[in-house]
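The following exercises concern charged side-chain pairs and backbone geometry. Each task is followed by a solution in steps.

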Amino acid sequence: MEASTAAVVYDGQKQRFDLGVFVGDLPLDDDVASSDNESLDGLQQELEDCKNDEEVANILANGIKLRDYTKGVENSIRQVELDSIQDYITESENLVLLHDQICDCDNILSQMETVLTGFQTEIGSISSEIKVLQEKSMDMGLKLKNRKAAESKLSKFVEDIIVPPRMIDIIVDGEVNDEYMRTLDILSKKIKFIEADSMVKSSKALKDVQPEVERLRQKAVSKIFEFVIQKFYALRKPKTNIQILQQSVLKYKYIIIFLKEHAKEIHAEVRTAYIDTMNKVLSAHFRAYIQALEKLQLDIATSTDLLGVETRTTGYLFSIGKEPLKARSSVFALGERINILKDIDQPALIPHIAEAKSQKYPYEVLFRSLQKLLIDTATSEYLFSDDFFGEESLFQDIFAGPIQVVDEYFNDVLLNCYDAIGIMLMIRIIHQHQLIMFRRRIPCLDSYLDKVNMSLWPRFKMVFDLHLNSLRNANIKTLWEDDVHPHYVTRRFAEFTASLVHLNVEYGDGQLDLNLDRLRMAIEDLLVKLAKMFPKPKLQTVFLINNYDLTIAILKEATSDGGKAQLHFEEVLKSNIAIYVEELLLEHFCDLIKFVKTRTSEDTGASSDKTSIVDVEPLVKDFASRWKAAIELMHKDVITSFSNFLCGMEILKAALTQLLLYYTRLTECVKRINGGSALNKDLVSISSILYEIKKYSRTF
């Protein structure tokens, strides 16, 4: 049988090995051959399995025979065994000693096991006892918690329901003070406790305590009712400072809370008593104050004190007042009356002091004082009612009487008031008072102040229309005076308009501006009608200039720009000054002006052909002979005609400037005429005329 070979893969390379090395050269029969084939297959499998083993791989790689290698290994093992036996023999004593020590340790560990087993048994017993104690502790803790909760509720119940003797003494015999207030609070809590808790009502303790609590409540209600009523009645005493007394009562405001919660009927009586008391007291105070103010009233205007009325009869501002007018300028001029708006927040007048000094005031001063007292009193009462009673609505019931007293007086006064400036001042005063109440955040008088404001505007419109109609329906014949200086109606109008413009500066009331425009048109119509009463156009123009100039001057004092009325009158004044200048020059240089205007309107070339020296020589010589005298006459005429010196000088300056312009045109015409040079000796030099103009200009 040929030796078989097998392929072995090692390190990725194929190598062939002779299996005869491992199986020898022995002949095998068929069975043996079959068995050998199986063995070879098994060996082949083992080689495949061991091909990754490093030792086997080295043997196969080096070609070492397995039998030789096996013998080497067996020899090595036998040698190791012999060496190991020798080591055991050498260490036999130590091993015996180690064995004894192990036996001793085993005995000790056995004893320890017995001890630990006993400990474990004892610990188990202690654990059971601890568990029992823990359960008992938890049970005792729960019982303690329940008892504390029961004690707390019971003690609170006892505290809430018991009536201490000290509390009884204070409620029955004590004075109403801070301690009494605190005791009332405690009593209130006990009453609420009894009434609120249904379980308390079923308790036996309540049967003993409730009658005592009820008697204490009744006693407390009776006592504090008498106390409060006495305090309220003290307000009725003459010369009582109501605000100070109210402030002293505020610390007892818990009384009202107690009555409201536990004696509603008594609370209603106290509330009604206070309303009735304060209504009467304040009504009486305002009635007395109004009567005192009437003695201080200074009358300003009557129904006849109108812009277009000719007579200046002394009237009365109100039917109530009896003091005659002391300053007629106050009827139409604002003057120092404007100061009332600067003193808007000053305290109200003290009548007896003013009366002792014999002082009199226009009605707007008295009106401001009365309204100031009203808003201050209302503010104090509103705050007190809200703080003491906790009811803002209480104010309306209290102040119904005082407001009615003030309203009746105000309405009577307003029906007889013909002072338009005074009414406008009152409108502004009411507006300022509304702002004061707004800043205080006190709304209680909003409706009242609105009502007063709504009453003042129609009255102002009615009085304003009276002034307007007096201008429209004025009797020209009775008003006319043979005097070109400003008319007294113009001064009235200017002062009246300036006053209203001044009072409207910060408010910008468009309706008032429209009314002032209507008034302006009426005075213009009246002035034109009065001017036509003068026989000469020049006098008519002078009259209009004087009146317009006065109006502008007065309007400028009211505001920096004077408003629309001033602008309008400045335009009208300017046009009338131009007319006057022409009339003045025509009066003194009529021929010269006509000649210049005629020649200026014609063509320049044609006029030079038509004009001869004969036409211009009289004009040149006439001007040269009297121009200085004419200018002096013009100066005197201006000085005597115009009330305002500055305005007169401006008019004279304009007239002389216009004269210089006319004369310059005349000289130019002379130069263009054939032979006109012969008149050079008679021509006045332009520099001479300019010098004369400057001389008059220096006078102002």
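In this predicted model, the count of salt bridges comes to 26. Side chains of opposite charge can pair when their charged atoms come close.

**Exercise 1.** Determine how the salt bridge between Asp276 and Lys280 is placed in its helix.

*Solution.*
- Step 1. The closest N and O atoms of Asp276 and Lys280 are 3.4 Å apart, and the cut-off for a salt bridge is 4 Å.
- Step 2. Both residues belong to helix α12, which covers residues 264-294.
- Step 3. Because Asp276 and Lys280 are 4 residues apart in this helix, about one helical turn separates them.
- Step 4. Asp276 has a relative accessibility of 32% and therefore counts as partly exposed.

**Exercise 2.** Establish which parts of the chain are tied together by the pair Glu364 and Arg337, and classify Glu364 as buried or exposed.

*Solution.*
- Step 1. The side chains of Glu364 and Arg337 form a salt bridge with an N to O distance of 2.7 Å.
- Step 2. Glu364 lies in helix α15 (residues 363-389), whereas Arg337 lies in the loop between α12 and α13 (339-342). The salt bridge therefore ties together parts that are 27 residues apart in sequence.
- Step 3. Buried means under 20% relative accessible area. Glu364, at 1% relative accessibility, is buried, and Arg337, at 7%, is buried as well.

**Exercise 3.** Decide whether Lys681 is buried or exposed, and state which residues share a salt-bridge network with Asp345.

*Solution.*
- Step 1. Lys681 pairs with Asp682 in a salt bridge, their closest N and O atoms being 4.0 Å apart.
- Step 2. The relative accessible area of Lys681 is 67%; exposed means over 50%, so Lys681 is exposed.
- Step 3. Through salt bridges with shared partners, Asp345 is joined with Lys372, Asp376 and Arg440 in one network.

**Exercise 4.** For Ser358 and Arg441, give the sign of phi, then locate each residue and assess its exposure.

*Solution.*
- Step 1. Ser358 is not a glycine, yet its phi is positive, at about 60°. Arg441, likewise a residue other than glycine, has a positive phi near 60°.
- Step 2. Ser358 is located in the loop between α14 (351-356) and α15. Arg441 occupies the loop between α17 (420-440) and α18 (446-472).
- Step 3. Ser358 is exposed, with a relative accessible area of 59%. Arg441 also counts as exposed, at 75% relative accessibility.

Methods:
Residues are numbered from 1 along each chain as its sequence is written. This is a predicted model: local features need pLDDT of at least 70, side-chain atom pairs count only at pLDDT 80 or more; totals for chains, interfaces and linings use all residues. Side-chain values use heavy atoms; hydrogens and water are left out. Helices (H or I, at least four residues) and strands (E, at least two) are DSSP runs, numbered from the N terminus. Buried means under 20% relative accessible area, exposed over 50%, partly exposed in between (1.4 Å probe, protein chains only).
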